[in-house]
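Please open the structure in your viewer and keep the selection tool at hand. The tour moves from one selection to the next and says what is there at each stop.

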Amino acid sequence: MSGSNWQPPEGVPTLTEVVAWPAGDTMPVPFEPAAEALPLEGSPMPAPPVGPSPAIGPSLTDEQMIELVLADVQHQVDLMLEYRLREVLAPILTRATDAVVREARGELASTLRDVVARAVAQEMTRHRSR
């Protein structure tokens, strides 16, 4: 694809070519994202950009157009990946945090019992020696 001599394979329509649909009421089915990609109730998901990019113009080469499309797709993939990771990791991190807090409280309670027991023993020893 380096240069303006590149041509698509025969039979593949170009973006500027008008393609006639078969006769009848046959229309292509619009794309709908999978249910897993949809946000949960109350969960914000970044909205995809609407409309053409302002950088797209008639003077772009094929390679520039490819770079713009790849950058846009990469940005959308990054947003979706971040959203899905947050969605998946949130309950895992909550459970892990709860476990750490429970364990820390148990250790703190045990240490506190030991400290209080020593302090009481020292105080009783001091009172007996008087």
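Begin by selecting Glu82, which at 39% relative accessibility counts as partly exposed, in what you should keep in mind is a predicted model. Now add Arg86 to the selection: Glu82 forms a salt bridge with Arg86, and their closest N and O atoms are 2.9 Å apart. Both residues belong to helix 1, where they are four residues apart, or about one turn of the helix. Arg86 counts as exposed, because its relative accessibility of 57% is over the 50% that the term requires.

Next, select Arg84 together with Glu87, which are joined by a salt bridge whose closest N and O atoms are 2.4 Å apart. Arg84 and Glu87 are three residues apart in helix 1, so about one helical turn separates them. Arg84 itself, with a relative accessibility of 29%, counts as partly exposed.

For the following stop, go to Arg126 and Glu123, which form a salt bridge with 3.4 Å between the closest N and O atoms. Here too the partners lie in helix 1, and because they are three residues apart, the separation comes to about one helical turn. Arg126 is partly exposed at 46% relative accessibility, and Glu123 is also partly exposed, with a relative accessible area of 33%. The count of salt bridges in the model comes to three.

Now leave the charged pairs and select Leu81, Leu85, Val88, Leu89, Ile92 and Leu93, which form a nonpolar patch on the surface and have about 520 Å² of accessible area together. Within this selection, pick out Leu81, which is found in helix 1, the helix that covers residues 62-128. Is Leu81 buried, exposed or partly exposed? Leu81 is partly exposed, because its relative accessible area of 49% falls between the 20% limit for buried and the 50% limit for exposed residues.

Finally, clear the selection and look at the whole protein, whose secondary structure comes to one helix and zero strands. How much of the protein is made up of buried residues? Of the 130 residues in the protein, buried ones make up 1%. If you turn on the surface display, the accessible surface to bear in mind comes to about 11900 Å², and 63% of it belongs to carbon and sulfur atoms.

Notes
Residues numbered from 1 in each chain as written. Predicted model: local features only at pLDDT ≥ 70, side-chain atom pairs only at ≥ 80, totals over all residues. Heavy atoms only, no water. Patch = residues over 30% accessible without salt bridge, like charges linked within 9 Å, V, L, I, M, F, W, Y side chains within 5 Å. Areas by Shrake-Rupley, 256 points an atom, 1.4 Å probe, with all protein chains shown as cover. Salt bridge = Lys/Arg side-chain N within 4 Å of Asp/Glu carboxyl O. Helix = DSSP H or I, 4+ residues; strand = E, 2+ residues; numbered from the N terminus. Buried < 20%, exposed > 50% of the residue type's maximum accessible area, 1.4 Å probe, protein only.
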